[in-house]
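Reader: Please show me the model. I want to ask how its labels are earned.

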Amino acid sequence: QVQLVESGGGLVQPGGSLSLSCTASGSIFSRNVVAWYRQAPGKQRDWIASITSAGSTEYAMSVKGRFTISRDNAKNTVYLQMNSLKPEDTANYYCKMPISDWGQGTQVTVSS
């Protein structure tokens, strides 16, 4: 089993920014797609962004233009830069590889 560890969540005001990190050990990380998901209380877990081993990215329409996913394979880390945050972005954020399990996520709360 492989489990990634998310970090960087917190409380931010609407319109603000926050950066999340996702880390794992081992060389397998650099050869796998990594995706970010989020889940609000009482809601389904939604995919929001992915990045391939070569750095190609895809975004859900709900975050496109506001969020940026990136990776540093040397550090076994994927990032999610979140700008222009809205209250509806409030959720627990998870990262996942095809071979990983779901972790605990990191909570992002957007509120004034």
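Author: Start with one pair: Ala 49 stands opposite Tyr 59 in β7. The model is predicted, so local features need pLDDT of at least 70, side-chain atom pairs count only at pLDDT 80 or more, and totals for chains, interfaces and linings use all residues. Residues are numbered from 1 along each chain as its sequence is written, and side-chain values use heavy atoms, without hydrogens and water.

Reader: What makes β6 and β7 a pair?

Author: Two strands pair if DSSP finds at least two bridges between them. Strand β6 (residues 45-51) and β7 have three bridges, in the antiparallel sense. Therefore they count as paired.

Reader: Why are β3 and β7 called edge strands?

Author: The open sheet has six strands in the order β3-β12-β10-β5-β6-β7, with mixed pairing. β3 (10-12) and β7 (57-59) each pair on one side only.

Reader: How many helices and strands does the protein chain have?

Author: Zero helices and twelve strands. Helices are DSSP runs of H or I with at least four residues, strands are runs of E with at least two, and both are numbered from the N terminus.

Reader: Why is the chain called as compact as a globular protein of that length?

Author: The radius of gyration, taken over C-alpha atoms, is set against a globule rule of 2.2 Å times the number of residues to the power 0.38. For 112 residues the rule gives 13 Å, and the protein chain has 13 Å, so the label fits.

Reader: What share of the residues is buried?

Author: Buried residues make up 39% of the 112. Buried means under 20% relative accessible area, exposed over 50%, partly exposed in between (1.4 Å probe, protein chains only).
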